[in-house]
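Thanks for sending this one over. Here are a few notes to read alongside the structure.

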Amino acid sequence: MKASLRLIPGPSSESPPPAALKILRLEKSFSVNDKVLTVLKDISFTAAAGEMICILGPSGCGKSTLLKILSGFLPPDAGSVILNGKPVTKPGPDRCVVFQEEALFPWLTVAENIAFGLKGGFRGRKRAREEVDRFLELVGLAPFRDYRPSAISGGMKQRVALARVLILKPKVLLMDEPFAALDAQAREEMQRLLLDLWKTFSHTILFVTHDVSEAVTLADRILVMGKTPGCIQAEIRVNLSRPRRREDSDFHHFCRRLYERLRRP
Ligand SMILES: Nc1ncnc2c1ncn2[C@@H]1O[C@H](COP(=O)(O)OP(=O)(O)OP(=O)(O)O)[C@@H](O)[C@H]1O
């Protein structure tokens, strides 16, 4: 059976309004074998509420480190992260991370994986079941609710990972190359699904990718990072209407601009 995308119902009344992020002069170094490695230097940018930002850069430029700081799992050495006017100092339910490795619990079913974060804090089992059903429907996995992760494809696992964080109603989604391990077709399907969900929920999204065409497909704005130490070298607004088509010349124009920017030292 193949997972199919469904018409996406509107947000529930509980969906929080999206949040604006302000990142000010972040710095981060690590000590490795008595040497100090400066990974991020003077990173500043803003994300408007509901904006989709892609962060593009070479391997090792500090993209994942940046997302860890934004999620509150890693403290910066200097600088600050401000979410809707308040400093971020620790992880919180207003920011959720989706990783490349979907890290589902193998002993739980698809539905139980999606429900996992709700346990304890949710008002009653019936309500939780309804919410899980709704999110299963949203990501096109309703027929697979009782399957275990070992019995579904990589793309379907990433749908579960997405539903599992969306059900927590975050304001900001931090996505660390979430589709990088998927084949081209599954990847495009996931990009379409993400855009549909974003249209519905209007999260503020920071999406890390190596892939130039993925960035042009998704982003309102692309931040191009340079390496050693990681810094923002360019900011490109993608003013193409959606849905974007890879075969359009405007799409190619943006890809070319990005390749040129990435090739520059
Ligand atoms: N906890 C750590 N201790 C020491 N060095 C670290 C630590 N975390 C990351 N680094 C180093 O920081 C640099 C940036 O790593 P990071 O994973 O943020 O880069 P990236 O741009 O996400 O790379 P990739 O695209 O390959 O995933 C690398 O040189 C990495 O080895």
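1. Let's start with one residue pair: Val98 has Met175 of β7 as its bridge partner. A reminder before going further: this is a predicted model.

2. That pair belongs to a strand pairing worth tracing on screen. β6 runs parallel to β7, which covers residues 172-176, and four bridges join the two strands.

3. Where does β6 sit in the open sheet of six strands? Reading across, the order is β6-β7-β8-β3-β9-β10, and the pairing is mixed. β6 (95-98) is thus listed at one edge and β10 (231-237) is the other edge strand, each of them pairing on one side only. From one strand to the next, the twist averages 20°.

4. Stepping back to the whole chain, how many helices and strands are there? The count is seven helices and ten strands. The chain is as compact as a globular protein of its length, because its radius of gyration of 19 Å is close to the 18 Å that the globule rule gives for 265 residues.

5. For a feel of the dimensions, the C-alpha trace spans about 55 × 45 × 35 Å along its principal axes. As for burial, 38% of the 265 residues count as buried.

6. Last, a word on contacts along the sequence. Taking the contacts with a separation of 6 or more, 72% are between residues 24 or more positions apart. If you colour the model by residue number, the parallel pairing of β6 with β7 (residues 172-176) is a good place to begin looking.

Definitions and conventions: Residues are numbered from 1 along each chain as its sequence is written. This is a predicted model: local features need pLDDT of at least 70, side-chain atom pairs count only at pLDDT 80 or more; totals for chains, interfaces and linings use all residues. Two strands pair if DSSP finds at least two bridges between them. Axes are lines fitted to C-alpha atoms, for helices over the stretch in contact, and angles run from 0 to 180 degrees between N-to-C directions. The radius of gyration is taken over C-alpha atoms; the globule rule is 2.2 Å times the number of residues to the power 0.38. A residue is buried if 20 or more other C-beta atoms lie within 10 Å of its own, exposed if 12 or fewer, and partly exposed in between; C-beta atoms are placed from the backbone. Two residues are in contact if their C-beta atoms, placed from the backbone, lie within 7 Å.
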